[in-house]
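Here is a short report on how a protein and a DNA strand sit together. Look at the model first, then read on.

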Protein chains: 2
Amino acid sequence: MAQKREDMIAETQAKLIKSARESFAQHGFAESCMDDLTAEAGLTRGALYHHFGGKKGLLKAVIQQIEEEMTTRLSAIKSKGPTTWDAFINGSIAYLNMASEPEIQRIILLDGPAVLGDPSQWPRKNCCISSTQLSIEKLMEEGAIQRVDSLAMARLINGALLGASLWIANTDDPQAASRKAVDSFLVLMSGLLKSNTTFS
Amino acid sequence: MAQKREDMIAETQAKLIKSARESFAQHGFAESCMDDLTAEAGLTRGALYHHFGGKKGLLKAVIQQIEEEMTTRLSAIKSKGPTTWDAFINGSIAYLNMASEPEIQRIILLDGPAVLGDPSQWPRKNCCISSTQLSIEKLMEEGAIQRVDSLAMARLINGALLGASLWIANTDDPQAASRKAVDSFLVLMSGLLKSNTTFS
DNA sequence: TATTTCGCATACGTATTGTATGTCAACTCA
DNA sequence: TGAGTTGACATACAATACGTATGCGAAATA
């Protein structure tokens, strides 16, 4: 008890974000009702408007929180790779699996882009893309892969993983689909490696 | 004049779809008002509910129309490729450019998935994915590329193109971005070709 | 302790949706 | 051909959810 005001504010915001996250994940953004949402958190819409300016603002906050978690999880995995390439591949596969989780899928892949537009334009930019981009640049510096535009390549790879995730999560046998996706992904990534045949 | 009833029905539906398409493309699905939408078509919401069952139903119809157009455009381009590989690559690049168009981007890439869920589960399935899948299967039969799960690979490729399109359309210099994306895409696709180094 | 700040609740007006009902033209069939 | 039926579409209504304007009370400040 006897919390500072600052702490109480942070707590209400956290409660709202938590509640919103659950509601958005379960019902989707459009079907989520702000009255229910705030009531669940023991508050009213007044608090929501005060802190986040509206429904979209709340979504932004939720997305930021989720992305921070994803970034943490990803960098933990990436740091374990013995080589840059391994880190890159393992991170990609981890991303594939994370993006197959219902909450992330619904909020980050479906509602986020529709409401907030292209993820790369988000306030706290899509961290996962920058992470991929960094990996690519590092690999190029090391001479492990071909020279490409790192941002373009990162967006392609990210999109590929997202597309596969959407498929995996909505298929009858996600386990099997995931395996197939990883196999195919590795084939694609082999194109990055240097010793390749060229074609017109 | 003196149209048959059937023709008039088709005409009202077409008018609604046309109007919805414009509205969805311009304001997005969520911000599109059905009253405005139908008034623009010289009708009321009554007609909309009668023919499409609601806002989502109208979106489905709009998406179907757009996808049919995309399929037509794509197959025209694909049929021109001298080899299966060329057809595949040209089709992919064409898809990349089509998906960068504002209308397609807004309706098919952003609102569609958010409202209707994973595109591969749509009524008239995402034709472009099946098209990609068919190309891959054909290339495998011809022995031109490695053996992979065609559906998984198609979804990866499709996702990659979509991700790149989103980026291209929202960047300062779409022209340059498009070129970079194509270059990087070709590098990735080279991974499909047979004579590749393997890696663990 | 008087005053201000501001976190949050309450109250209100409005916009948009879905449904229930009504109407009139076009088709069916004797 | 004309009475009956269907159904395409409009109108009317009720419910929901949103944004804003306002109010209150506790903490911060002096």
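This is a predicted model. Start with the surface near DNA strand D. By class, it holds 6 nonpolar, 6 polar and 4 charged residues.

Which parts of the protein supply at least two residues each to this surface? Chain A offers helix 3 (45-52). Chain B offers helix 1 (5-27) and helix 3 (45-52). Helix 3 of chain B gives the most, with 4 residues.

There are 16 residues around DNA strand D. Arg45(A), Tyr49(A), Thr44(B), His50(B) and His51(B) come nearest. On the DNA side, sugar and phosphate make up 73% of the strand D atoms that come within 4 Å of the protein.

Some side chains reach phosphate oxygens of DNA strand D. The table gives distances from a side-chain N or O atom to such an oxygen.

| Residue | Distance to a phosphate oxygen of strand D |
|---|---|
| Lys55(A) | 3.1 Å |
| Thr44(B) | 2.6 Å |
| His50(B) | 2.6 Å |

Lys55(A) has another partner. Its charged end sits over the ring of Phe29(A), 4.7 Å from the ring centre. In chain B, Lys55(B) lies over the face of Phe29(B), also at 4.7 Å from the ring centre. As for pairs of aromatic rings, the count over all chains is 4.

How are the two chains related? A rotation of 180° with 0.0 Å of shift along its axis superposes chain A on chain B, with an RMSD of 0.0 Å. That is the relation of a two-fold axis. The same surface serves both copies: 100% of the contact residues of chain A recur in chain B.

How values were computed:
Residues numbered from 1 in each chain as written. Chains lettered and ligands numbered in written order. Predicted model: local features only at pLDDT ≥ 70, side-chain atom pairs only at ≥ 80, totals over all residues. Heavy atoms only, no water. Least-squares fit on C-alpha atoms with pLDDT ≥ 70 in both. Contact = heavy atoms within 4.5 Å. Phe/Tyr/Trp six-rings, centres within 6.5 Å; stacked < 30°, edge-to-face > 60°. Lys NZ or Arg CZ within 6 Å of the ring centre and 35° of its normal. Near = heavy atom within 4 Å. Polar contact = N/O pair within 3.5 Å; in protein donor to acceptor, adjacent residues only side chain to side chain. Nonpolar A, V, L, I, M, F, W, Y, C, P; charged D, E, K, R; others polar.
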